[in-house]
Amino acid sequence: MSATTPIPLTLLTGFLGSGKTSLLRRLIHQPGFARCAVIVNEFGEVGLDQALVTDQSDDRDIQLLDSGCLCCLASSAIQDTLASLYYRRLRGDIPWFDRVLIETSGLAEPGPIINAVYGDGSLCRQFRFDGVISTFDAGFGQADVDTYHEAKTQLLMSDTIVLTKGDMYPDTGRLAAWLAVLHPAARILDNRMADDALARDLLDSTAAPVRPAGPSAADSPPTALRHLLAYGIHSVTVDVPGPVGWPAWAAFVRGVQHGYADRLLRLKGVLPFAEAGPMAVHAVHHVFSTPAAAAGTPSRLIGKLVFIVRDLDRAEVEQMVRLLATPADEIG
């Protein structure tokens, strides 16, 4: 790709906990996404998704992934981030990239991001939208769409919908039919496909141009405050200072599932397990994934849990977390 050819830009969206980061991890190791710049823009106080994708420990704004891709944590307007990447690429300050993939927050509406590029004369010449991919949780996606305007907007703005968590909720045929009625123009894929086939199909299916969002979306971009006022959604980060035992983890999971699952949209973090070292933990509503080894996590992020919740205050979240410090002899 020459320096004057517009760089294809793909937007990866999807509601909270629907599997965007997991899909991103798979894509960046495939040939079609080689020499790719990744921009991570998440809703929360700590950039955990970036650390879990990159497994790097330095604090530079741009990091080189082991796949050869670049990762950048968007800390300013998307226009500024894209312009910075473009000119640093031309100057040779960073490795050359031929594609950009933006992973949005689970609460982001795609329209303002698309309009930010379409409405900037310089960016229009430097980048072209290659498509919008949305992940859709096979377990909770329908309920999210019924409850949250953002979840439905993300789907309707997508060129491709990737059904996720089909291994846990295998009735994806019914969901695909429901999605086809909701959004007949979208291509629907299943993330149980092999990585190479999924990457090829995503590139093929995003070749069509994306329709710009209407002017009203650009006039009133969403903010965390607006989401909080509309639904009581907010992010709470809690530190877990000491090692966590497996009995305490089991008690924590039971406590959350029984008392808070309907108000827990997403949980993520890295905990220091006494017997196993740092482990990445994730949950969506009442479904907890099995903790996975995360030995390369920067030390500053170990022991941090990020909760994205609805109608829960910090005191209630901290009450949940206290279960992680419960001594084994006190767990019934």
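This tour moves through selected strands, helices and cores of a predicted model.

**Stop 1: strand 7**

Begin by selecting residues 160–164, which form strand 7. This strand is mostly covered, with 5 of its 5 residues buried. Colour the two faces separately: Thr160, Val162 and Thr164 lie on one side, while Ile161 and Leu163 lie on the other. Both faces are covered.

**Stop 2: the partners of strand 7**

Add residues 127–137, which make up strand 6. Strands 6 and 7 pair in the parallel sense, over 5 bridges. To see one of these pairings, display Ile133, whose bridge partner in strand 7 is Thr160.

Next, select residues 187–190, which form strand 8. This strand runs parallel to strand 7, and 4 bridges join the two. Keep Thr160 on display, and show Arg187, the residue of strand 8 that stands opposite Thr160. Now follow the chain from strand 7 to strand 8: the path passes through helix 8, residues 172–182, and this β-α-β crossover is right-handed.

**Stop 3: Ile161**

Return to strand 7 and select Ile161, which lies within that strand. Is Ile161 buried or exposed? Ile161 counts as buried because its relative accessible area is 0%, and the cut-off for buried is under 20%.

Show the surroundings of this residue as well. Leaving out residues up to four places away in sequence, Ile161 touches Ser134, Phe136, Leu155, Leu179, His183, Ala186, Arg187, Ile188 and Leu189. Select His183 from this list: Ile161 and His183 are 22 residues apart in sequence, and their C-alpha atoms are 9.5 Å apart in space.

**Stop 4: helix 4**

Select residues 110–118 to bring up helix 4. This helix is mostly covered, since 8 of its 9 residues are buried. The buried ones are Pro110, Gly111, Pro112, Ile113, Ile114, Asn115, Ala116 and Val117.

**Stop 5: two nonpolar cores**

In soluble globular proteins, nonpolar side chains tend to be buried together. Which residues have the most contacts inside the largest nonpolar core? Select Trp249, Phe252, Leu271, Phe307 and Leu324 to see them; the core has 25 residues. Elements that give two or more residues to this core include strand 9 (233–239), helix 12 (246–259) and strand 10 (264–273).

Centre the view on Leu324. Apart from neighbours within four places in sequence, Leu324 is in contact with Val240, Val244, Ala248, Trp249, Phe252, Leu271 and Leu305. Finally, move to another core, which lies apart from the largest one and has 24 residues, among them Cys72, Phe97, Ile102 and Ala116.

Methods: Residues are numbered from 1 along each chain as its sequence is written. This is a predicted model: local features need pLDDT of at least 70, side-chain atom pairs count only at pLDDT 80 or more; totals for chains, interfaces and linings use all residues. Side-chain values use heavy atoms; hydrogens and water are left out. Buried means under 20% relative accessible area, exposed over 50%, partly exposed in between (1.4 Å probe, protein chains only). Helices (H or I, at least four residues) and strands (E, at least two) are DSSP runs, numbered from the N terminus. Two strands pair if DSSP finds at least two bridges between them. A crossover is right-handed if, with the strands pointing away from the viewer, the path from the first strand over the helix to the second runs clockwise. A nonpolar core is a set of buried Ala, Val, Leu, Ile, Met, Phe, Trp, Tyr and Cys residues joined through side-chain atoms within 4.5 Å. Contact means heavy atoms within 4.5 Å.
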